[in-house]
Amino acid sequence: MEEQFILRVPPSVAERIERLLNENSSSSEDKSLDLSFSEDGRGGMFVIGNDHFPASLLDLPCVVESYKTYDDSVLIKTADIGQMIMVREEGDSAPDLLEYRHGLTPPMKDARKRRFRREPDLNPELVRRVEKDLLNIMAGGTAENMDILGYQTRGSHKAEADDALSH
């Protein structure tokens with residue numbers, strides 16, 4: 001598979017990138033594009049011409065599949081995209097979270113909150129106690145503070161049913 005990413009830029013930057021790609025490179029004042037990241041790998045700088053824009057690497061709420069075609073009839077999957085590089089204007093604030101709240105299209109607005117169930121609230125002490133009990137049971141012991149109320153084998157249950165039918 002190929003390596004791909006989504007680059008989301010402000011409209012003014014998008015116009016400059018489109019001009020750079022469509023025009024002859026010698027006639028454009030925006031002759032260079034550069035993207036570099038800081039040590040943490042999440043924040044960085046996007047450079048077009050002499051202008052610098054802050055950029056952030058964000059996780060998408062769900063994986064996006066990318067396809068291409070050679071003959072306009074057969075689609076071939078080329079990548080699973082799970083991250084997006086978001087370029088901001090100089091004055092805009094950096095996102096607080098590492099995950100982007102929304103998907104790429106309007107129906108996926110606030111996707112994490114609307115489409116996925118939230119994580120359950122678990123008491124850490126309860127989790128430790130259940131884990132300890134499971135380890136005891138797997139080792140051949142019994143769970144603490146637990147009573148076994150009734151035990152019946154299949155054979156005895158079948159025998160009772162046969163007795164009921166014969167009478």
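This report walks through the fold, the strand pairings, the cores and a few single residues of the protein shown above.

**The overall picture**

Please keep in mind from the start that this is a predicted model. The protein has 167 residues, and 22% of them are buried. Its secondary structure consists of four helices and five strands. Following the sequence from start to end, you meet these elements in the order β-α-β-β-β-β-α-α-α.

The surface exposed by the protein comes to about 13300 Å², with carbon and sulfur atoms supplying 53% of that area. Contacts can also be sorted by how far apart the partners sit in the sequence. Among contacts with a separation of 6 or more, 49% are between residues 24 or more positions apart.

**Strands side by side**

A good place to begin looking is strand 3, which has a pairing with strand 2 and another with strand 4. The table sets out the two hairpins.

| Hairpin | Bridges | Residues between the strands | Turn residue with positive phi |
|---|---|---|---|
| Strand 2 and strand 3 | five bridges, antiparallel | five residues | Gly 41, about 80° |
| Strand 3 and strand 4 | six bridges, antiparallel | two residues | Gly 49, near 65° |

To find these on the structure, note that strand 2 covers residues 33-37 and strand 3 covers residues 43-48. Across the pairing of these strands, Phe 37 stands opposite Gly 44, and Leu 35 has Phe 46 as its bridge partner. Gly 44 also faces strand 4, where Ala 55 stands opposite.

**Inside the protein**

Which residues build the largest nonpolar core? There are nine of them: Val 13, Ile 17, Phe 46, Ile 48, Phe 53, Ala 55, Leu 57, Ile 85 and Val 87. Two or more of these residues come from each of helix 1 (11-22), strand 3, strand 4 (51-69) and strand 5. Strand 4 gives the largest share, three residues. Apart from this core lies another one of seven residues, including Ile 6, Leu 58, Met 84 and Met 86.

Phe 46 deserves a second look, as a member of the largest nonpolar core and the bridge partner of Leu 35. Setting aside neighbours within four places in sequence, Phe 46 touches a long list of residues, among them Leu 7, Val 13, Ile 17, Leu 33, Phe 53, Ala 55 and Val 87. Asp 34, Asp 51 and His 52 are also among the contacts of Phe 46.

**A buried aspartate**

Now turn to Asp 110, in the loop between strand 5 (75-87) and helix 2 (111-115). Is Asp 110 buried or exposed? Asp 110 counts as buried because its relative accessibility is 15%, under the 20% cut-off. Beyond its neighbours within four places in sequence, Asp 110 is in contact with Arg 101 and His 102. Pro 61 lies 49 residues away from Asp 110 along the chain, yet their C-alpha atoms are separated by 9.0 Å.

**A nonpolar patch outside**

Finally, visit the surface. Leu 126, Val 130, Leu 134 and Ile 137 form a nonpolar patch there, and together they have about 330 Å² of accessible area. Val 130 belongs to helix 3, which spans residues 124-138. With a relative accessible area of 39%, Val 130 is partly exposed, so it falls between the 20% and 50% limits.

Key:
Residues are numbered from 1 along each chain as its sequence is written. This is a predicted model: local features need pLDDT of at least 70, side-chain atom pairs count only at pLDDT 80 or more; totals for chains, interfaces and linings use all residues. Side-chain values use heavy atoms; hydrogens and water are left out. Buried means under 20% relative accessible area, exposed over 50%, partly exposed in between (1.4 Å probe, protein chains only). Contact means heavy atoms within 4.5 Å. Patches are made of residues with over 30% relative accessible area and no salt bridge: like charges are joined within 9 Å, nonpolar side chains (Val, Leu, Ile, Met, Phe, Trp, Tyr) within 5 Å. Accessible areas come from the Shrake-Rupley method with a 1.4 Å probe; for residues, only the protein chains shown count as cover. A salt bridge is a side-chain nitrogen of Lys or Arg within 4 Å of a carboxyl oxygen of Asp or Glu. Two strands pair if DSSP finds at least two bridges between them. A nonpolar core is a set of buried Ala, Val, Leu, Ile, Met, Phe, Trp, Tyr and Cys residues joined through side-chain atoms within 4.5 Å.
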